[in-house]
Amino acid sequence: MGKATPSRRHAEGDEHVSAQAVAADEKVQGENVTVRRVRRGTTQARVTTLKGPAGRDFVLLAGIGVASNYYVRLAADLNTTGSVHAIDLPGFGGVRHRDRALDIGDFAEIAGAVIDNLGLDDPVVIGHSMGAQVATELAARRPELTSLVLIGPVIDADARTIPQQILRLAHSALYEPGAVRVLVGMSYAMCGPRWILKTLPRMMRYRIEERIGAVQADTLIVRGDHDANCPREWAERLVELVPRGRAVEVDDAAHSVMYRHAHEVAKLCLLHDGGEEAVRELEPPSKPRHPAMRVRGVAMNVAGMVRGDDALIARGIVTQRHATDMAD
């Protein structure tokens, strides 16, 4: 019977802290989740890695104010074909930050530092919402990256005001599952209004349409058909600007299309990067998770973020994955 790794809190100034999630009992024996801290200058990011089979690595970048745990379903699907690295950028998901506001270029630099620190060789970079801006800037600065996926990229040039974006987000929220609204709400509470308000103007000012032309990577743009923040016309405009790209629309989906439609989005990502063979390696979608254990895992994960307890974050993910195994 395995033993749980003792909790370890990240100490300010540490270059790298790793918390290995070890099975607490026989039911989760062998699970492999690692949480690291990566620092660049005075900023730091937290990286949650789901170890997978030998294959292409995936780097996930979340939207403004949001913790990476809303990628939980997409990460689980991608994890069947390779290792997944979900990044919590400075200020998001309980990650400490300096008071100085960061722009999209700053976030892209810390994301690049994560890739370098982990020694990743040309990972597939996936960004959602503001994370799509960060992913675009990262790819524009790093022409060696060859595969980019932008989910619901913002900001639509025809609606570059905060009131317009809030109204569009509210419209999209009508079509989001309740679990997404809960996860995003908890993330906003952890982030705090001050940091969101510092970051929001930088997100609004970033002109992705002027930077995407510098991206050399093969680019896939994914949007839900109810995504008001990334209208169809906007996605099509971005595709025309990127040297090599295409856009796909997912039916009955909203801004956070990668949550409810995780399996479909995973297939799109794998087809974009590796073709039919990679898709065949993707396991069938899991059955509904054991609800009590799933809630327990989410609570552990969020509590770990609030407390800065990386081992608890990792154990929460292991618990959620075990809930899926029990259901299957």
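**Group meeting: a walk through the predicted model**

Let's start at Ser129, which sits in the loop between β6 and α3. Keep in mind throughout that this is a predicted model. What is the phi of Ser129? It is near 55°, a positive value, and the residue is not glycine. Is Ser129 buried or exposed? It is buried, because its relative accessible area is 10% and the cut-off for buried is under 20%.

Now move along into helix α3. The helix covers residues 130-141, which makes 12 residues. From first C-alpha to last it reaches 17 Å, close to the 16 Å expected at 1.5 Å a residue. How many residues of α3 are buried? The count is 11 of 12, and the helix is mostly covered. Here is the list. Met130, Gly131, Ala132, Gln133 and Val134 are buried, and so are Ala135, Thr136, Glu137, Leu138, Ala139 and Ala140. Glu137 and Gln133 are among the buried residues, along with several alanines.

What do those buried residues pack against? Two helices to look for are α2 (104-117) and α6, and α7 (208-211) is also in the set. Three strands take part too: β4 (58-61), β6 (124-128) and β7 (147-151).

A quick look at the whole chain. It has 13 helices and 9 strands. There are 328 residues, and 57% of them count as buried. Take the contacts with a separation of 6 or more. Residues 24 or more positions apart account for 73% of those.

Next stop, the loop after β7. Ile155 lies in the loop between β7 and α4. Look at the peptide bond joining Val154 and Ile155. That bond is cis, with omega about 10°.

Two residues elsewhere in the chain touch this stretch. The first one I'll show is Trp234, in helix α8 (residues 232-241). Trp234 counts as buried, at 2% relative accessibility. Which residues does Trp234 touch, leaving out those up to four places away in sequence? Both partners of the cis bond, Val154 and Ile155, are in the list. Pro153, Asp156 and Ala157 are there as well, and so are Ile208 and Glu209. There is also a distance to note. Trp234 and Asp158 are 76 residues apart in sequence, and their C-alpha atoms are 8.6 Å apart in space.

The other residue is Gln165, in helix α4. Its relative accessible area is 7%, so Gln165 is buried. Again leaving out residues up to four places away, Gln165 touches Ile155 and Asp156. Its other contacts are Ala159, Met204 and Asn229.

Stay with α4 and turn to empty space. A general point helps here. Rolling a probe the size of a water molecule over the atoms shows where empty space is left. The second largest pocket holds about 550 Å³ of space. It is lined by 27 residues. Which of them lie nearest its centre? Those are Ile64, Leu169, Val184, Tyr188 and His255. Helices α4 (162-173), α5 (178-191) and α6 (193-205) each supply at least two lining residues. The largest share comes from α4, with 6 residues. By class, the lining has 16 nonpolar, 9 polar and 2 charged residues.

Now the closed space. How many cavities of 30 Å³ or more are found in the whole structure? The search finds 1. Its volume is about 30 Å³. The lining includes Tyr175, Glu176 and Pro177 from one stretch of sequence. It also includes Asp252, Ala253, Ala254, Ser256, Val257, Arg260 and His261. Sorted by class, the lining has 5 nonpolar, 2 polar and 3 charged residues.

One of those lining residues deserves another look. Asp252 is in the loop between β9 (245-250) and α9 (257-260). Asp252 has a positive phi of about 55°, although it is not a glycine. How does its accessibility come out? At 47% relative accessible area, Asp252 is partly exposed. Compare Ser129, which is buried at 10%.

Last residue of the talk: Asp310, in helix α13 (residues 310-327). Asp310 is buried, with a relative accessible area of 0%. Which side chain does the Asp310 side chain meet in a polar contact? The partner is Arg37, at 2.9 Å.

That's the tour.

How values were computed:
Residues numbered from 1 in each chain as written. Predicted model: local features only at pLDDT ≥ 70, side-chain atom pairs only at ≥ 80, totals over all residues. Heavy atoms only, no water. 1 Å grid on protein atoms, 1.4 Å probe; cavity = no way out; pocket = protein on both sides within 12 Å on 5 of 7 lines; lining within 4 Å. Points joined across faces, edges and corners; volume = space filled by probe spheres on them. Helix = DSSP H or I, 4+ residues; strand = E, 2+ residues; numbered from the N terminus. Nonpolar A, V, L, I, M, F, W, Y, C, P; charged D, E, K, R; others polar. Buried < 20%, exposed > 50% of the residue type's maximum accessible area, 1.4 Å probe, protein only. Polar contact = N/O pair within 3.5 Å; in protein donor to acceptor, adjacent residues only side chain to side chain. Expected span 1.5 Å × (residues − 1). Contact = heavy atoms within 4.5 Å.
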